[in-house]
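Here are my notes for a colleague who is coming to this structure without prior acquaintance. Please read them alongside the sequence and the model.

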Amino acid sequence: MKLSDFIVNHAAGVSLTIPSPHGFQRINALIEAGNKLREKYGNGVLAELAIHKIRLDREQQKTANQSAKYAPRRVVHIIDSIKNKEELALLRLVYRDMLYVVGVFAPLQTREANLKEFGLSTAQIYTLVDRDSGEESEAGQTVSDTFPNCDFFLRTGDGTDSELKARVERFLHLVLGTKVITPTFAETAMYSAAMASANSACLSRQVGASVTDHDGNILSIGWNDVPATGGGLYGRSDHDHRCWNISGGKCFNDAEKDKLAQEMVDALAEVIAPEHLERAKTILRGASKLKGLIEFSRAIHAEMHAILNAGKTSGMRIEGGKLFVTTYPCHSCARHIVAAGISEVYYIEPYRKSLAIKLHGDAISEQEIDKDKVRILAYDGVAPSQYLGLFRVPQNSRKKDGKLITMALKESSPRLEKSMEALPALEGLVVKSLLEKKLLPERGSQNDGLSPLPGTTES
């Protein structure tokens, strides 16, 4: 099912219409209507509608087969596509471990080529890309915030269809437990980076990194935090001078940006009316460029920490190696990555404020074909959050009578499959919410198609 279909069906409820021909006007209208629906009915409304459709499908199947409370079916519901973090949060709340979220990443050049096939201009394409990745409104499409929370990442680009198919099949075999599959070097390295991020006490964000040699062997890990006298970072003793533990727990980077905004306003005091000075400071402090400044942070970044650690323990093995980091490197780290001799960087969370490519385009590229530059690429593989759940199996579960247990795909089921007993209550709450918002037919009407909500009685 497509969440965009729900937008089309309910656009009239927010006084909008969706143009029929596929192109810029239709895509832009879908984004606008989706935003309006979230503003009016809550950020998770499209997920609520998807949950209702899944429940309706199951109820109709149960009616057709009254002999079982839940008819045994081999059914997968594919939801395309989740664009807001609250949509994802609601789906996880209801379906728990039965939900697998796949994040598909295509390089900008690929997306641009695909959209141009529908007659979009370059300006229109970049307008849509900006709106899609993350708008200022919480009710907008916050793809940049949603994407990092996926369970599996699939990078498309220069690979062939058969290579893409093989990677998807590998993930399905992992979910179903139908093959013995172990982590790739990249999956282990990114898992190490994610674990390292937990060490950070930074008030802004926790970032982790790991450095491998050319063959994928992990050389070091690092995280963002305040450096301590004598080397290393704070956090290993009670004598802790990190930001959370001094000056009442203030972020020094934010404090310095406040001072900078004030200095800029003071410098312009002769041309700004006195009654507008405070407003001018507020505007400056909210400007994206000033908000994005990282120069005043006391913390060393995770990439720098990992590179320093690799230099200490592994020396020249870092040259030609790879860096795995939970967040796209900033422009400050980019210069250290280039100087260290790193050949490839893999990241999960985007960082739109980074100027790495703009300032170091001579040495860094986001295109896989640029093998003579340091390539910064989206991570591909199992998410760190699913690493243990998918790769660790119960003892002796792979063999019986000394032989490997084999299972046909048609007979398999998800290894982490959970009981569905709680689903009626959880889905029922969602349906009740939709009824209160008048987004569904009244219960008991001909178009309803649902049995009574759990815990309710109906005449």
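1. In this predicted model, helix α2 takes in residues 24-41, and because each of its 18 residues should add 1.5 Å, with the count taken as one less than the number of residues, a span of 26 Å is expected, which agrees with the 26 Å between its end C-alpha atoms.

2. Buried positions occur along α2, and among them are Phe24, Ile27, Ala29, Ile31 and Tyr41; the buried set also includes Arg26, Asn35 and Arg38. Just after the helix, Gly42 adopts a positive phi of about 110 degrees.

3. How do the axes of α1 and α2 cross? The axis of α1, a helix of residues 3-10, comes within 9 Å of the α2 axis, and the two cross at roughly 80 degrees, so α1 is roughly perpendicular to α2, given that angles of 65 to 115 degrees are classed that way.

4. On the α1 side of this pairing stand Ser4, Ile7, Val8 and His10, which meet Arg26, Leu30, Ala33, Gly34 and Leu37 of α2. Sorted by class, the contact comprises five nonpolar, three polar and one charged residues. Of the α2 partners, Arg26, Leu30, Ala33, Gly34 and Leu37 are also listed as buried.

5. Turning to the whole chain, there are 17 helices and eleven strands, and 42% of the 459 residues count as buried. Where contacts link residues at least 6 apart in sequence, 65% of them join residues at least 24 apart.

6. An unreviewed UniProt entry annotates residues 184-372 as "domain: CMP/dCMP-type deaminase"; in the model this span is 38% helix and 13% strand, with its end C-alpha atoms 24 Å apart.

Technical notes: Residues numbered from 1 in each chain as written. Predicted model: local features only at pLDDT ≥ 70, side-chain atom pairs only at ≥ 80, totals over all residues. Heavy atoms only, no water. Helix = DSSP H or I, 4+ residues; strand = E, 2+ residues; numbered from the N terminus. Buried < 20%, exposed > 50% of the residue type's maximum accessible area, 1.4 Å probe, protein only. Axes fitted to C-alpha atoms, helices over the stretch in contact; angles between N-to-C directions. Parallel < 35°, antiparallel > 145°, perpendicular 65-115°, else oblique. Contact = heavy atoms within 4.5 Å. Nonpolar A, V, L, I, M, F, W, Y, C, P; charged D, E, K, R; others polar. UniProt positions renumbered as here; feature names shortened; annotations may be inferred.
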